[in-house]
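Work through the exercises below with the sequence and the 3D structure in view. Each task is followed by a solution in steps.

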Amino acid sequence: MTDDILRDADGCEDCESLEESGLHEEAQADGDSVSAQPESDFLEEEAPYQETDDGEPEIIEPDPVTKELLDTKEKYMRLFAEFDNYRKRTAKEKSETYQDAVAKTIEELLPAVDSFERALAVPCTDEAYKTGMEKIYEQMTGLLKKLGVEEIPALGEPFDPKVHNAIRQVEDENYGESTVCEVYQKGYTLGNRMIRCAMVSVAN
């Protein structure tokens, strides 16, 4: 009986010593069937760097295959950007070249249009001839409109040195000051491009 009490007392003392030393908790942890992975393991897997012995972060260099892939991608992006700039520049140059060619051709045709207008202003007794001339003139002006050529408004408009070329200044009470009162030669534009200024007289 005395021995059993002593064994129980010894057992209690052993339990207390286990709790104090922490071995009791470790024994319970070893007995668990499921163990959780420490959070630090996940952080080390996601971090792009690792700590050195002195605690400073150290960048992890990519492996040669990944590095080569990144270099190839960078070269591709640069090449794509250069090609896109070349394509835009070529398209712009092509458009400007076309506009220059059209403007030059129209500029050469305008004297013929002027001649038709002067011929139509002369009285003519031959109605068939006059009708034929009018038809040809309509074809020419229709072609100009189709190409985007527009006549510059001049007669009765305020004088604009950007589109009007004043060769005379006259006194005319029928027009206000600095107003175009006579047109000697019509002016034309092609979009935003000036082909020929209108030659006019301006009232004082």
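A contact means heavy atoms within 4.5 Å. The structure is a predicted model, in which local features need pLDDT of at least 70, side-chain atom pairs count only at pLDDT 80 or more, and totals for chains, interfaces and linings use all residues. Residues are numbered from 1 along each chain as its sequence is written, and side-chain values use heavy atoms, with hydrogens and water left out.

**Exercise 1. Confidence**

Task: Find the average pLDDT of the protein, and state which elements have the lowest and the highest mean pLDDT.

Solution.
Step 1. pLDDT is the predictor's confidence in each residue, from 0 to 100. The protein averages 78, and 71% of the residues score at least 70.
Step 2. Helices (H or I, at least four residues) and strands (E, at least two) are DSSP runs, numbered from the N terminus. Helix H3 (residues 39-46) has the lowest mean, 43, and strand S8 (residues 198-203) has the highest, 95.
Step 3. Over residues 1-47 the pLDDT stays under 50, and the model has 5 contacts beyond four places in sequence for this stretch.

**Exercise 2. Elements**

Task: How many helices and strands does the protein have, and in what order do the elements run?

Solution.
Step 1. There are 5 helices and 8 strands.
Step 2. From the N terminus on, the order is α-α-α-β-β-α-α-β-β-β-β-β-β.

**Exercise 3. The sheet with S6**

Task: Describe the sheet formed by S3, S6 and S7, and say which helix packs on the sheet.

Solution.
Step 1. Two strands pair if DSSP finds at least two bridges between them. The 3 strands form an open sheet in the order S3-S6-S7, with antiparallel pairing.
Step 2. Strand S3 (149-151) and strand S7 (193-196) are at the edges; each has a single partner strand, so one side of each lacks a neighbour in the sheet.
Step 3. Axes are lines fitted to C-alpha atoms, for helices over the stretch in contact, and angles run from 0 to 180 degrees between N-to-C directions. With direction ignored, neighbouring strands of this sheet are turned by 30° against each other on average.
Step 4. Helix H4 (residues 64-121) packs on the sheet and touches S3, S6 and S7; the direction of H4 makes about 30° with that of S7.
Step 5. Strand S6 (residues 188-190) pairs with S7 in the antiparallel sense over 3 bridges. Thr189 has Met194 in S7 as its bridge partner, and Leu190 has Arg193 in S7.
Step 6. The hairpin of S6 and S7 has 2 residues between the strands, and Gly191 takes a positive phi near 65° there.

**Exercise 4. Thr189**

Task: Is Thr189 buried or exposed, and which residues is Thr189 in contact with?

Solution.
Step 1. Buried means under 20% relative accessible area, exposed over 50%, and partly exposed in between (1.4 Å probe, protein chains only). Thr189 counts as buried because its relative accessibility is 16%.
Step 2. Leaving aside neighbours within four places in sequence, the contacts of Thr189 are Gly148, Val149, Glu150, Ile152, Met194 and Ile195.
Step 3. Thr189 and Ile152 are 37 residues apart in sequence, but 6.9 Å apart in space from C-alpha to C-alpha.

**Exercise 5. The cores**

Task: Which elements each supply at least two residues of the largest nonpolar core, and what does Leu190 touch?

Solution.
Step 1. A nonpolar core is a set of buried Ala, Val, Leu, Ile, Met, Phe, Trp, Tyr and Cys residues joined through side-chain atoms within 4.5 Å. Of the 14 residues in the largest one, Ile106, Leu110, Val113, Leu144, Val149, Leu190 and Ile195 touch the most other members.
Step 2. H4, helix H5 (127-146) and S6 each supply at least two residues of this core. H4 gives the largest share, 6 residues.
Step 3. Not counting residues up to four places away in sequence, Leu190 touches Gln99, Val102, Ala103, Leu147, Gly148, Val149 and Ile195.
Step 4. A second, separate core has 5 residues, among them Ala154, Ala198, Val200 and Val202.

**Exercise 6. The sheet with S8**

Task: In what order do the strands S4, S5 and S8 stand in their sheet, and is Ser201 buried or exposed?

Solution.
Step 1. The 3 strands form an open sheet in the order S4-S8-S5, and the pairing is mixed.
Step 2. S4 and S8 pair in the parallel sense over 6 bridges; Ala166 has Val200 in S8 as its bridge partner.
Step 3. Ser201 lies in strand S8 and is buried, with a relative accessible area of 0%.
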